[in-house]
Amino acid sequence: MKKYFFLLLILVLTSIYYFLRNPMGVNKNSSLISINKTEFGTLKNGTVVHKYTLENKIGTKVSIITYGGIITNLKTFNKLGELEDIVLGYSSLEEYIKENPYFGAIVGRYGNRISKGKFSISGKEYNLARNNGQNHLHGGNIGFDKVIWDATTQIDKNSASLILSYTSGDMEEGYPGNLETRVIYTLNNENSIEVLYEAITDKSTIINLTQHSYFNLSGNFSESILDHEVKINANAFLPVDETLIPTGEIVNVECTPFDFREFKRIGKDINLENEQLIIGNGYDHCWVLNDYGTMRFVAAAYHSRSGRFLEVYSDEPGMQFYSGNFLDGTLPRRDEGYYGNRSGFCFETQHYPNSPNNKEFPSVMLEPNDLYTSKTTFNFSIK
Ligand code: BGC
């Protein structure tokens, strides 16, 4: 009897010990892979924004905040063994709220542009915010990059996940249907970050979610990304009009500056006298990825001086490759100074821009009883 009492006491004391060590309730059951939760800031209405840092056994760390599901920091080693941030971001919540060109954010309900903010479903017209000239961009005035996500965590031997959920109400930002959304970020010991998107709706609606991290693999944000070599698994891209809406043509990349079928420096052709590069002010186009219908390799970027190599896999039909053309030296870096023109690039896996108004493009419709899923994996290594 006494023996059982002591066993019970030990059990209770151990539980108290672990509770005190981990009062935030975050799982930390292994020294190899971990999740750490801290407070990042507070909104004017008193809501506390949390930051979750996932770390794998290699030492790669990714930090995500509950405001916009934003990846604020992503630290990987270079070939000299130095751990550095490789994504653009700010150091405070206030800066993200003040002005954010979608640094690290989850973008929704519709990533990219919708012409004149209009689309129809079964003959009913919907009007969205025209927040980018005459067009709708990245979900509107308060898109998924500016809302507070609920967060839970899950951890096992080889992976750590942050599960973010947000329910967007019927007609929020003009989109029909209550949309229950989940975005799961998973960092694993193979040095990949997987982003899994899921959603259900109670009315026919449109959806196109993406992740908007700006990478600079050099780890030095005073440098531009023009020396990065990029490869994109696409034989074609979508030319755009002067408001950056696809014209509807699907153009072969062969003999154009848009040919990234083999590794090429971003800076190699970016300043050529080319109508599309002039309109985009550089690369700001959607590539028509090969082999739509499977999870496959879609793009890679290599920075030779740091040795950092990024590979992207996705099941999406398109990828917006944006070379940070609108960065103009006015947004403050985390260290000192400001983010200069083309100091970051984005690989935004997604459906094509303006799909709701183009029957030829893969559909972005989501019907009640259907599950929206989309998956993109970013793998980090050194070469
Ligand atoms: C768009 C750019 C835009 C940037 C930041 C990208 O996804 O393609 O045109 O400037 O996001 O808003």
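Which residues surround the ligand?

1. In this predicted model, the ligand is surrounded by Pro101, Tyr102, Arg113, Leu137, His138 and His212, together with Tyr214, Asp284, Gln320, Tyr322, Phe326 and Glu348. Sorted by class, this shell around the ligand holds 6 nonpolar, 3 polar and 3 charged residues, and the site that the ligand occupies is the largest pocket.

2. Three side chains in that shell deserve a separate look, since each has a polar atom paired with an oxygen atom of the ligand. For Asp284, a polar side-chain atom lies 2.5 Å from a ligand oxygen; for Arg113, an N or O atom of the side chain is 2.7 Å from an oxygen atom of the ligand; and for His138, the distance from a polar side-chain atom to a ligand oxygen is 3.0 Å. The ligand on its own has 310 Å² of accessible area, and the protein covers 93% of it.

3. Tyr102, one of the residues around the ligand, belongs to the loop between helix H2 (93-98) and strand E6 (105-107). Its backbone merits a check by eye, as phi of Tyr102 is near 70°, which is a positive value in a residue other than glycine. Most residues other than glycine have a negative phi, and most peptide bonds are trans.

4. A second backbone feature to inspect is the cis peptide bond that joins Gly108 and Arg109, where omega is about 0°. Arg109 is placed in the loop that runs between strand E6 (105-107) and strand E7 (113-114), and Arg113, whose side chain has an N or O atom 2.7 Å from a ligand oxygen, falls within the residue range of E7.

5. Turning to another arginine, Arg334 is found in the loop between strand E24 (318-322) and strand E25 (346-350). A polar atom of the Arg334 side chain lies 2.5 Å from the backbone oxygen of Thr72, and the side chain of Arg334 also reaches the backbone oxygen of Val87, at 2.5 Å. The strands on either side of this loop can be related to the ligand shell, which includes Gln320, Tyr322 and Glu348.

6. On the chain as a whole, there are 4 helices and 27 strands, and the C-alpha trace spans about 85 × 55 × 40 Å along its principal axes. The radius of gyration of the chain is 22 Å, which agrees with a compact globule, because a globule of 383 residues would have a value near 21 Å.

Definitions and conventions
Residues numbered from 1 in each chain as written. Predicted model: local features only at pLDDT ≥ 70, side-chain atom pairs only at ≥ 80, totals over all residues. Heavy atoms only, no water. Near = heavy atom within 4 Å. Polar contact = N/O pair within 3.5 Å; in protein donor to acceptor, adjacent residues only side chain to side chain. Areas by Shrake-Rupley, 256 points an atom, 1.4 Å probe, with all protein chains shown as cover. 1 Å grid on protein atoms, 1.4 Å probe; cavity = no way out; pocket = protein on both sides within 12 Å on 5 of 7 lines; lining within 4 Å. Sits in = over half its atoms within 2 Å of the grid points. Nonpolar A, V, L, I, M, F, W, Y, C, P; charged D, E, K, R; others polar. Helix = DSSP H or I, 4+ residues; strand = E, 2+ residues; numbered from the N terminus. Rg over C-alpha atoms; globule rule 2.2 N^0.38 Å.
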